[in-house]
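Work through the exercises below with the sequence and the model side by side, and try each task before reading its solution.

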Amino acid sequence: MAFGKKIFELKHVSYRYRPHEPALLDINLSVNEGEKIVILGPNGAGKTTLEKILAGILAPEGRFVAFGKPVTQQEINSKNESAAYRRSVGAVFQHIEFRVICATVFDEILFGPLRLGLPREEAKERVEQMLDFCNIRRLVNRLPQNMSGGEKKMVAIASMLAENPEVMIFDEPTNDLDLESQNWLVSALQQLNAAGKTIITATHSLETARELADRVWILGANHRLIADGGVELLQDADTLAEAGILR
């Protein structure tokens, strides 16, 4: 399968939340436009940390280049630079946080397109599209904080999709979702990728990985990259066992 230009490059990337507690160690990876990548690894391997680096939230040790430009703490701290980055890269993380200023689900989804500078009527049209695309119109007037975990996850996904970034990052996206919503999400991500979106998903589920990957990154409990390859890695029992995914 042919992919587009290189959009992310990580060279000798590490990240430590505390000096002697590494979350990632010496990661060398790249991402091309239009890829569908799944990050696998046991709990604590660094999957979410890696996604936060790609999402422009954390500045790592080493060199991280996005869209041809190095990403440093200075860029992350810059309001203009970070806003520009969010136009290209969207993310939904496992722990959902809603904007306290948003009174309803409609307002929550509307916030992103307005922040990007869309005219209000066009932004409202996007909200309407996402309510239908994500099958959550029944939630439109609900208070986000009063919903179930699965409902919050679907609203967070709709909010990110409404911003229409070219790269979409998902952290354990099927957690908290019922089977119907899980099936919808897998199908939706496949559609978005077919339309040209780059999809990066972190999961502990081999079943989800088989449905969403055309490339697999495997992180080990030692916070290092064990393997980077095609979907055949999902059948490699030795590599999966080395990573602590199979026991």
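**Exercise 1.** Identify which residues are linked with Glu9 in a network of salt bridges.

*Solution.* Begin with the criterion: a salt bridge is a side-chain nitrogen of Lys or Arg within 4 Å of a carboxyl oxygen of Asp or Glu. By this criterion Lys6, Glu9 and Lys11 form one linked network of salt bridges. A search across the whole structure brings the number of salt bridges to 12.

Before going on, note that this is a predicted model, in which local features need pLDDT of at least 70 and side-chain atom pairs count only at pLDDT 80 or more, whereas totals for chains, interfaces and linings use all residues. Residues are numbered from 1 along each chain as its sequence is written, and side-chain values use heavy atoms, with hydrogens and water left out.

**Exercise 2.** Determine the strand order of the open sheet, and then locate the helix that packs on the sheet.

*Solution.* Helices (H or I, at least four residues) and strands (E, at least two) are DSSP runs numbered from the N terminus, and two strands pair if DSSP finds at least two bridges between them. The open sheet has 4 strands in the order E2-E1-E4-E5, with antiparallel pairing. Strand E2 (21-32) and strand E5 (69-70) are the edge strands, each pairing on one side only. Between strand E1 (residues 6-18) and strand E4 (residues 61-66), which run antiparallel, there are 5 bridges. Helix H1 (residues 47-54) packs on this sheet and touches E1, E2 and E4 (contact means heavy atoms within 4.5 Å). The direction of H1 makes about 125° with that of E1, where axes are lines fitted to C-alpha atoms, for helices over the stretch in contact, and angles run from 0 to 180 degrees between N-to-C directions.

**Exercise 3.** For the salt bridge between Glu163 and Arg115, decide whether each partner is buried, partly exposed or exposed.

*Solution.* The side chains of Glu163 and Arg115 meet at 2.8 Å, N to O. This pair links distant parts of the chain, 48 residues apart, with Glu163 in helix H6 (residues 149-163) and Arg115 in helix H4 (residues 105-115). Buried means under 20% relative accessible area, exposed over 50%, and partly exposed in between (1.4 Å probe, protein chains only). Glu163, at 11%, is therefore buried, while Arg115, at 34%, is partly exposed.

**Exercise 4.** Classify in the same way the partners of the salt bridge between Arg18 and Glu21.

*Solution.* The side chains of Arg18 and Glu21 meet at 3.2 Å, N to O. Arg18 has 52% relative accessibility and so counts as exposed, whereas Glu21, at 42%, counts as partly exposed.
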